[in-house]
Amino acid sequence: MAFIGGNVNRHSSGRDSSPGFRFLLFAILSIVCMYYDQRDSWISNVRYYLQAAAYPIQGAVSSPQTLFSWASEMFETRASLRTENEQLKKRERELSLASMRYEALERENARLRALEEAMPPLVSKTLIAEVVSVELNPSRQRLLINKGARDGAFRSQAVVDARGLLGQLVRVGPWSSEIILITDREHGVPVELVRNGLRSIANGAGDSGELLLPYLPVNSDVKAGDVLVTSGLGGVFPAGYPVAVVTGIKRDPVLLVAQVRARPLATLTRDREVVLVSFDPKHPAAPGRREQTDSLPPLVTGSQSAAPKPAPKREAAD
Amino acid sequence: MNIGAPRESRLLVYSTALIALMISVLPLPQYLAIVRPPLLVLIILYWSTMTPRAGGILLGFLGGIALDVLQGSQLGQHALALSFVTYLAVRLHLLTRAKPIFEQSLFVLVALLLYETVLWAIDGWSGHPMNSPTRWVPAFTGALIWPVIVGVLGRTHSQR
């Protein structure tokens, strides 16, 4: 079988343009794409439509998995459904007790802040999405979900599951979006310790069970078992969402910073459904808006409009 | 001999490439994903060697863009790498396709290593360095399954 013989089409390469010319053309096109993709400009529109075109392939590829989970749900036994039902009822009871207490606290908090009426709810809208495909490798920790811009999802929207923070949306297509998980190497969450309010940043380690806190000084007050919640800085996540539990600290006297490891609370690897949340910007715990924090004017060089303006005129305007 | 007949083989070329694309993005457990051969690259190399008119650099570029979109890498990264190795395959197709299969596997190994080198360099330049040695494993598994690719695809079109 193995011999590939014969020079059949000797003249095949030079039909209308030589391979060298074609390669040059496509190479330049690729480099232009990369240049603009890095800078996040008009190419994101192109990407939006390409992602829409790719969605059927992604759906087809994940269909065996979906079929399997559907089938295992169908053939679940009566006994296991019963125990699950009991567990859910118990959990529902616990949660409703907790939320009774929570409402009282919310009212008390509103009173303490001397507000006229109770605070608006922090979460203004939630959207439940199904996980279409999962990618968990050291270089990329991503999930693909079946909700996109048509359903109201937007870029850098926060994503949570029932236990904690999961990540944020990085790419939004019309019907699908990609979540970057908090454990991705290129992701960092601004966090604070519940016990003492110490703030830091939790970076992903590229491993679905681990976060690293590389900026805490050696003598900082951290213990294993400390719970980390979002601090609300950075403008993406609101304050107070649970993120991770500290699992281990290594204090090397030679280094200035402690090596702190934490385990995410969200079940990143096993989620089938995730929740996209939008926040009411009027709530005090909502993430600050980027426009307000980045108040520096854009830097313009070499143009007349950037020339300094006379001071008295400005004061008069104020 | 209908190897050179573009209309008939083009459908075959693009459909096999689509299947290979789907296998390359199939979610797998991590220990399998590490050794997964770059099937799309192999198929495109095969068609560019056998029928450079139906395969060729356009197919390489389109396959690369599809990989970029599906894997979420920078748009153009896989496209550049794949059109580069496709160009080499088209350029050298008269040399390589007359060789015995094991020599072809060596050519494929070199092509896959070049492909991965381009990806690695772009990863580094664009500020997402990924230096784990496991990224080079698929080049070797790809060269190992090259005889299988030739055996399977050789049956789909007539050749003597």
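How many residues of chain B are in contact with residues of chain A, and how many of chain A are in contact with them? In this model, which I should say at the outset is a predicted one, 40 residues of chain B are in contact with 44 residues of chain A.

Let me stay with the chain B side of that contact for a moment. The elements that contribute two or more residues to it are α2, spanning 30–35, together with α4, α5, α7 and α8 of chain B, and the largest share, 7 residues, comes from α5(B). Sorted by class, this side of chain B has 24 nonpolar, 12 polar and 4 charged residues.

That leads me to the nonpolar cores. The largest of them has 48 residues, and those with the most contacts inside it are B:Leu40, B:Val41, B:Ile43, B:Ile44, B:Leu45, B:Val85 and B:Ala111. Both chains supply elements that give two or more residues to this core: from chain A these are α1 (19–39) and α2 (43–74), and from chain B they are α1 (6–24), α3 (39–50), α4 (56–71), α5 (77–91), α7 (101–125) and α8 (137–156). If we take B:Val41 as an example and leave out residues up to four places away in sequence, B:Val41 touches B:Leu82, B:Val85, B:Leu112, B:Tyr115 and B:Gly142. Apart from this core lies another one, of 41 residues, which includes A:Leu136, A:Leu169, A:Val229 and A:Val274.

Turning now to chain A by itself, we find it divided into domain 1, covering 21–75, and domain 2, covering 124–281. Taken over C-alpha atoms, the centres of these two domains of chain A are separated by 24 Å, and the contact between them takes 9 residues from domain 1 and 8 residues from domain 2. On the domain 1 side of that contact, the classes come out as 4 nonpolar, 4 polar and 1 charged.

Finally, the strands of chain A. Here 6 strands close into a barrel, in the order β6-β7-β8-β11-β10-β9, and the pairing is antiparallel; from one strand to the next, the twist averages 40 degrees. To look at one of these pairings in detail, strand β8 of chain A, residues 211–213, runs antiparallel to strand β11 of chain A, residues 259–264, and 3 bridges join the two. Within that pairing, A:Leu213 of chain A stands opposite A:Val260 in β11(A).

Definitions and conventions: Residues are numbered from 1 along each chain as its sequence is written. Chains are lettered from A and ligands numbered from 1 in the order in which they are written. This is a predicted model: local features need pLDDT of at least 70, side-chain atom pairs count only at pLDDT 80 or more; totals for chains, interfaces and linings use all residues. A nonpolar core is a set of buried Ala, Val, Leu, Ile, Met, Phe, Trp, Tyr and Cys residues joined through C-beta atoms within 7 Å. A residue is buried if 20 or more other C-beta atoms lie within 10 Å of its own, exposed if 12 or fewer, and partly exposed in between; C-beta atoms are placed from the backbone. Helices (H or I, at least four residues) and strands (E, at least two) are DSSP runs, numbered from the N terminus. Two residues are in contact if their C-beta atoms, placed from the backbone, lie within 7 Å. Two strands pair if DSSP finds at least two bridges between them. Axes are lines fitted to C-alpha atoms, for helices over the stretch in contact, and angles run from 0 to 180 degrees between N-to-C directions. Ala, Val, Leu, Ile, Met, Phe, Trp, Tyr, Cys and Pro count as nonpolar, Asp, Glu, Lys and Arg as charged, and the others, Gly among them, as polar. Domain bounds come from an automatic or database domain assignment.
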